[in-house]
Amino acid sequence: MSVLTRDEAQTRAQLLDVHHYTVDLDLTGGEDTFDSRTEIGFTVRTGPDGTGSTDTFVELKPAELRSATLDGHPLDPTALTGNRLPLTGLTPGAHTLRIDALMRYSRTGEGMHRFTDPSDGETYVYTQLFMEDVQRVFAAFDQPDLKAVFDLTVTAPDGWTVLANGITEHTGDGTWKAATTPPVSTYLVAVAAGPWHSVRTEHRGLPFGLHCRRSLAPHLDADADEILAITRACFDRYHEKFDEPYPFDSYDQAFVPEFNAGAMENPGLVTFRDEFVYRSAVTDTERQTRAMVIAHEMAHMWFGDLVTLKWWDDIWLNESFAEYMGYQTTAEATRFTGTWTDFGLSRKSWGYDADQRPSTHPVAPENVEDTASALLNFDGISYAKGASALRQLVAWLGEKDFLAGINTHFARHKFANATLADFIDSLASATDRDVHAWAQAWLRTTGVDTLTPRVAPAADGTCTLTVDHHGSRPHHITAGLYDQDLTDEGRLTLRTRLPLDIPHTAPHPIGKRPALLVLNDGDLTYAKIRFEPESFRAVRENLSALPDPLTRAVVWNALRDAVRDGELPAGTYLDTARTHLPHESDLALAEAVLAFARTHIADRYLTPGRRPAALATLTGLCRDLIRRTEDGDNPGLRLIAVRHFIDVAAHPDTIAAWLADGTVPGGPELDPELRWRILARLAVLGATDETAIAAELDRDPSATGQEGAAHCRAALPDPDAKRAAWDAMFTSDDLSNYLFTATARGFWQPEQADLVRDYVPRYYEDAVAVAARRGPAIADAAARWAFPAHAVDAETLRLGEACLAGGDPVPSLRRRLADQLDDLARALRVRQAQETEQPQTPAQVPQP
């Protein structure tokens, strides 16, 4: 298949105006394929010489191209080469193209995904047409700046409901017609069909709907009031922020199975992964995440759908904006006021990690050559770093001018396309500040700046602050100065937050030396921070005494970065967690610290010989949290502690007893998620078997249960089980995207390194092959979940580098493998730095 290049897209955009699509889909033809008939009305402006005819192409990826006509004249179906059907001899003026094709359903979350629910046998289909996958559903001039109006008709089996971008009407005989859309890009067209369970209401005169598969109906009904309240609150808040009203005729949110992303911003029909319909207990932070995703996708209705990028080098215009607005609006409009703490821990670290790999790129890269390259940039930089940059911009510019610039942008480009230059020009129209220079410094550069404080005594007995700035970007931040209250168990109290503009060379007077000085207090910029010696001592002794969870998040992130950079011993991080996490009340903080300590420090950064002691430390920490929450005052924290206690268990007795009893003593009772979690850990420890897994699957035959069973079977320390799991992933091609991921997550276990040693060299060749056969979604899963991340040694690194040099992996696999290998090399460096583990002040160690 040919990928679309930027040059080809620009040439075609100069040649064509695409006006209208009429798409007719028939979903009644069986389990493997569906019928797709498309009529495209377009105009050719002129030939390349200004007068004569010209050539172009339309894209589609059919199982069979039955027929094609251009202006009533038949085209040769055998002319289809890869995904391109040539259109030759086009003269200036109006044209009509008709395509009749047989298309394949997907089992990998791409194109038209088909899923049969094992709970009840009901079948659902939905589209995910992002980047190039519209071509799997209907023929299209597939690039974002050829917007058009769409009329969609779908024929579906009896008992199904069809959802689309606009209001749908059942016209009889299983046929559903969707309202005509405004001009939208091809990748934003959406269909979701099946026997949905729906909750419908109205808000501001518009129909709102929630939809899920029938087996999840009780769980959606339990949360429908909360989801709709968040939806209404965000909708109203955006209408306070934006001058342009919501631009579509309805707002449906469909929770769909086996979805690859968190959600997709299809106009009028947002699709979410249906894990957001919670069938087991969750923490308030997880509910906050769902709220943020709802706000994020709704922001796209304006930034991405109303105004769309012209080419994929500006994906940050979609994702960074929606990421920033999602967190900010959730904090402003819902009960979840602490979203920026979670952002700093769960999202910002994603950006920091991505930005320190060789694959880093600017937030707004200048030359994205083709769609395959563009797909690789949907990462922590385009989301988290871009959102951080926008948060810094708002802090520097002021929200009033920021929103004024955004509203100018909407007015100038609604239902059209725009570039970075257009966006910056709109912002510049609302302020006297040099936004163009800011954009050049923040959006066209790579890497993470580092800010290190220096506190020096002055002649009068007070102190001054200077900030060493390793990097090139300007930063508008605050420095938090904290004093220790010796009468209140050493509690740290905020003296002041000092505004700082960096770079700034003159020392800042700060009065008496604070017990702790925290740069970037409030987390308004994107930079790694370090501590001066006195502050580092205060961190180790009094971190949990900091009053603001967002400040604690900044400090924990600084410690995390220092460990990854080899400046802070991993043991010191664990000791700090052991000391302070038992006193933590913020759920996002507890989850982030425990997750980093387990998955990075215990499983990767410490040598295998030191891993048991680390797991014992984490077990003790989780036990303390469980004991602390026995009175039931913080069930979310207790749930987090129970989950991590299970994950780090080195001996099966306690968790096996929980499973047998169906409860943790003092609660919670074991729901399906916790039961599968315990069984997976017992499988790793060799304390369960296939009989127990099959019995649990009989107890929970849902799709999630199927994934849990696949995970457990792959985790069994048995050669036959490992062989079967490997063949399922890399030989049979029968696994859906979710079952592939579940199997991969079970396969590699640090406890089983000797058992799976021979699979490490096999991984690279087999991953390259399966990625080439099954496409980008499986390529991503093979690199993200099936990579032997536990094998932190020079040989694994050598094999991977040889694969990149000569194995010819597809682009999506190549990028993921490069990132995994860079993380592996970092883990090796961290291990080497731990050989003599003495606590140090990170600021005093040279940058690596």
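# Loops, helix pairs and cavities

Modeller: Let's start with Pro503, which sits in the loop between strand E25 (491-502) and strand E26 (508-511). Keep in mind that this is a predicted model.

Biologist: What makes the peptide bond from Ile502 to Pro503 stand out?

Modeller: The bond from Ile502 to Pro503 is cis, and its omega is near 5°. Most peptide bonds are trans.

Biologist: Which other bond is cis, with omega near 5°?

Modeller: The one from Gly667 to Pro668. Pro668 belongs to the loop between helix H17 (653-661) and helix H18 (672-684).

Biologist: Sticking with loops, what makes the phi of Asp173 worth a look?

Modeller: Asp173 isn't a glycine, yet its phi is positive, at about 55°. Most residues other than glycine have a negative phi. As for where to find Asp173, look in the loop between strand E12 (168-172) and strand E13 (175-178).

Biologist: On to helix pairs. Why is H8 called oblique to H9?

Modeller: The axes of helix H8 (residues 399-413) and helix H9 (residues 420-428) cross at roughly 130° and come within 7 Å. Roughly antiparallel needs an angle over 145, and roughly perpendicular covers 65 to 115. The crossing angle fits neither of those ranges, so H8 is oblique to H9. The crossing of the two is right-handed, too.

Biologist: Which residues make the contact of H8 with H9?

Modeller: On the H8 side you'll find Phe402, Gly405, Ile406, Thr408, His409, Arg412 and His413, while H9 brings Asp422, Phe423, Asp425, Ser426 and Leu427. Sorted by class, that contact has four nonpolar, five polar and three charged residues.

Biologist: Why does Gly405 go with the polar ones there?

Modeller: Because the scheme counts Gly as polar.

Biologist: And why is H12 called roughly parallel to H14?

Modeller: The axes of helix H12 (549-564) and helix H14 (residues 587-605) cross at roughly 10° and come within 11 Å. Anything under 35 degrees counts as roughly parallel, so H12 and H14 earn the label. In H12, Pro549, Arg552, Ala553, Trp556, Arg560, Val563 and Arg564 meet Leu589, Val593, Phe596, Ile601 and Tyr605 of H14. This contact of H12 with H14 is made up of nine nonpolar, no polar and three charged residues.

Biologist: How do you know that H14 is roughly parallel to H16?

Modeller: By the angle again: H14 and helix H16 (residues 635-648) pack at about 10°, with their axes 10 Å apart. The cut-off is under 35 degrees, so H14 and H16 are roughly parallel. Here Leu587, Ala590, Glu591, Leu594, Ala595 and Arg598 from H14 meet Gly636, Leu637, Ile640, His644, Asp647 and Val648 from H16. Their classes come to seven nonpolar, two polar and three charged.

Biologist: Now for empty space. How many cavities of 30 Å³ or more does the structure hold?

Modeller: Three. The largest cavity has about 70 Å³ of space, and the second largest has about 50 Å³.

Biologist: What makes something a cavity rather than a pocket?

Modeller: A 1.4 Å probe fits inside a cavity but cannot get out, whereas a pocket is open.

Biologist: Which element gives the most to the lining of the largest cavity?

Modeller: H12, with five residues. Strand E28 (527-529) and H12 each supply at least two. The full lining is Tyr352, Asn520, Asp523, Ala527, Lys528, Ile529, Ala553, Val554, Asn557, Ala558 and Asp561. Six of these residues are nonpolar, two polar and three charged. Ala553 is also one of the H12 residues that meet H14.

Biologist: What is the lining of the second largest cavity like by class?

Modeller: It divides into six nonpolar, three polar and no charged residues. The residues are Val23, Phe150, Leu152, Ala164, Asn165, Gly166, Ala178, Thr181 and Val189.

Biologist: Last one: with which residues is Leu80 in contact, leaving aside its neighbours within four places in sequence?

Modeller: Leu60, Pro62, Leu65 and Leu85. To count as contact, heavy atoms must be within 4.5 Å. Leu80 itself lies in the loop between strand E5 (73-75) and strand E6 (84-90). Its C-alpha atom is separated by 57 Å from that of Glu567, 487 residues apart along the chain.

Terms used
Residues numbered from 1 in each chain as written. Predicted model: local features only at pLDDT ≥ 70, side-chain atom pairs only at ≥ 80, totals over all residues. Heavy atoms only, no water. Axes fitted to C-alpha atoms, helices over the stretch in contact; angles between N-to-C directions. Helix = DSSP H or I, 4+ residues; strand = E, 2+ residues; numbered from the N terminus. Left-handed = near helix turned anticlockwise from the far one by under 90°. 1 Å grid on protein atoms, 1.4 Å probe; cavity = no way out; pocket = protein on both sides within 12 Å on 5 of 7 lines; lining within 4 Å. Points joined across faces, edges and corners; volume = space filled by probe spheres on them.
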